[in-house]
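This briefing goes through one structure by topic, beginning with the surroundings of a single side chain and then moving outward to cores, sheet and pocket. Please keep the sequence and the structure at hand while reading.

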Amino acid sequence: MAQVLFLGGLGRSGTTLVERLLGELPGVCALGEVVHLWQRDLRDDERCGCGERFSACSFWQQVGKNAFDGWANVDVDRVHALRDAVERTRHIPRLAACTTPTADVREYADYYARIYTAAAEISGAQLVVDSSKHSALAHVLRAAGGIDLKVVHVVRDARGVAYSWTKRVTRPETDGADEMTRYSPGRSALLWNAHNAAFGLLARRGVPVRRIRYEEFLADPRAGLIRLADFAGLALHPTDLDFLRPGHADLRTGHSAAGNPMRFTVGRLPLRHDDAWMQSLPAAQRRLVGAVCGPMLRAYGYPLNPQEAR
């Protein structure tokens, strides 16, 4: 049975950093955002975290062979149709309430379970990490057979998330031809509420969920990784964290299928708190996001006065 750690939360919440650091631990295989593999990798042949095109990456080609007897046997149109039918935020109440998954939910979940199992076999890892983030996918994976699912719910201050969504970020995997999606602060605030609430609902459905605040994790990544390893059932030795240095981490090449451009970083990765939103997000937008997300910000321990967040 594949041990799977799913990193969830709204995009721009720090899941890629958490995944990269987890991927440095012995016995861990970090896969990136598997939810995007079907289009970006199988269809568009974008770059793996190792720098190779997906079709040229020996790791992912072996995963395809083990999971499906070759990626050519995967009907991407079918996967997309299943995604549209079951993996939408609006479907979460139905997914959460269902005790017997539908055939479509089981079929869609099985595609992911096959990838997780194959990746664990090929890497020899005890734990595979999927940073797909999508709350609806996390609910779907309850129906996956052959995996032991645990979820890490990564939360970041909604105002920092909103500011990040306004920035222009080039996607290196497209060789500069495309940019990451951008949202207005109002839109990202609504999404922040919806996705984070969905993970709270998942916990009430019996899935082990550990919530972490990105800002606290970044303040002490060593302690944060120790806690996550314990949650995932990994036994660490003190030297397993030697890649963490004061103010930075030393990263190896990984095989992230999709995600934030940080997945291409090899070598020194600075670990610093990013609070640029306090000065760069206009005051009116800060107030808007604070008003929309106020109840959940309070629930997660964030001060509503930005100056108190320093």
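Leaving aside its neighbours within four places in sequence, W38 is in contact with R43, F68, W71, V74, V76, V79, H80, Y111, Y112 and I115. These contacts, like everything below, come from a predicted model. W38 is also one of the residues that touch the most other members of the largest nonpolar core, and this is where the bullet points begin.

**Nonpolar cores**

- The largest nonpolar core holds 50 residues, and those touching the most other members are L31, W38, W60, W71, I115 and Y116.
- Two or more residues of this core are given by each of β1, α2 (37-43), α3 (58-68), α4 (76-86), α6 (103-123), α7 (135-140), β4 and α9 (185-203), and the largest share, 11 residues, comes from α6.
- Apart from this core lies another one, of 30 residues, whose members include L21, F217, F243 and L251.
- As general background, nonpolar side chains in soluble globular proteins tend to be buried together.

**The sheet**

- Five strands make up an open sheet with parallel pairing, and their order across the sheet is β2-β3-β1-β4-β5.
- The edges are taken by β2 (28-30) and β5 (209-213), each of which has a single partner strand, so one side of each is left without a neighbour in the sheet.
- On average, and with direction ignored, neighbouring strands of this sheet are turned by 25° against each other.
- Within the sheet, strand β1 (residues 2-8) pairs in the parallel sense with strand β4 (residues 147-155) over seven bridges, and the bridge partner of V4 in β4 is L149.

**T15 in helix α1**

- T15, which lies in helix α1, has a relative accessible area of 3%, and it therefore counts as buried, since the cut-off for that term is under 20%.
- When neighbours within four places in sequence are left aside, T15 is in contact with L7, G8, K133 and V154.

**The second largest pocket**

- The second largest pocket has a volume of about 280 Å³, and of the 17 residues that line it, G23, A30, T253, G254 and H255 are the closest to its centre.
- The elements that give two or more residues to the lining of this pocket are α1 (15-22) and β2, and β2 gives the most, with three residues.
- The edge strand β2 thus appears again here, as a contributor to the pocket lining.

Note on methods
Residues numbered from 1 in each chain as written. Predicted model: local features only at pLDDT ≥ 70, side-chain atom pairs only at ≥ 80, totals over all residues. Heavy atoms only, no water. Pairing = 2+ DSSP bridges. Helix = DSSP H or I, 4+ residues; strand = E, 2+ residues; numbered from the N terminus. Axes fitted to C-alpha atoms, helices over the stretch in contact; angles between N-to-C directions. Core = buried A, V, L, I, M, F, W, Y, C linked by side-chain atoms within 4.5 Å. Buried < 20%, exposed > 50% of the residue type's maximum accessible area, 1.4 Å probe, protein only. Contact = heavy atoms within 4.5 Å. 1 Å grid on protein atoms, 1.4 Å probe; cavity = no way out; pocket = protein on both sides within 12 Å on 5 of 7 lines; lining within 4 Å. Points joined across faces, edges and corners; volume = space filled by probe spheres on them.
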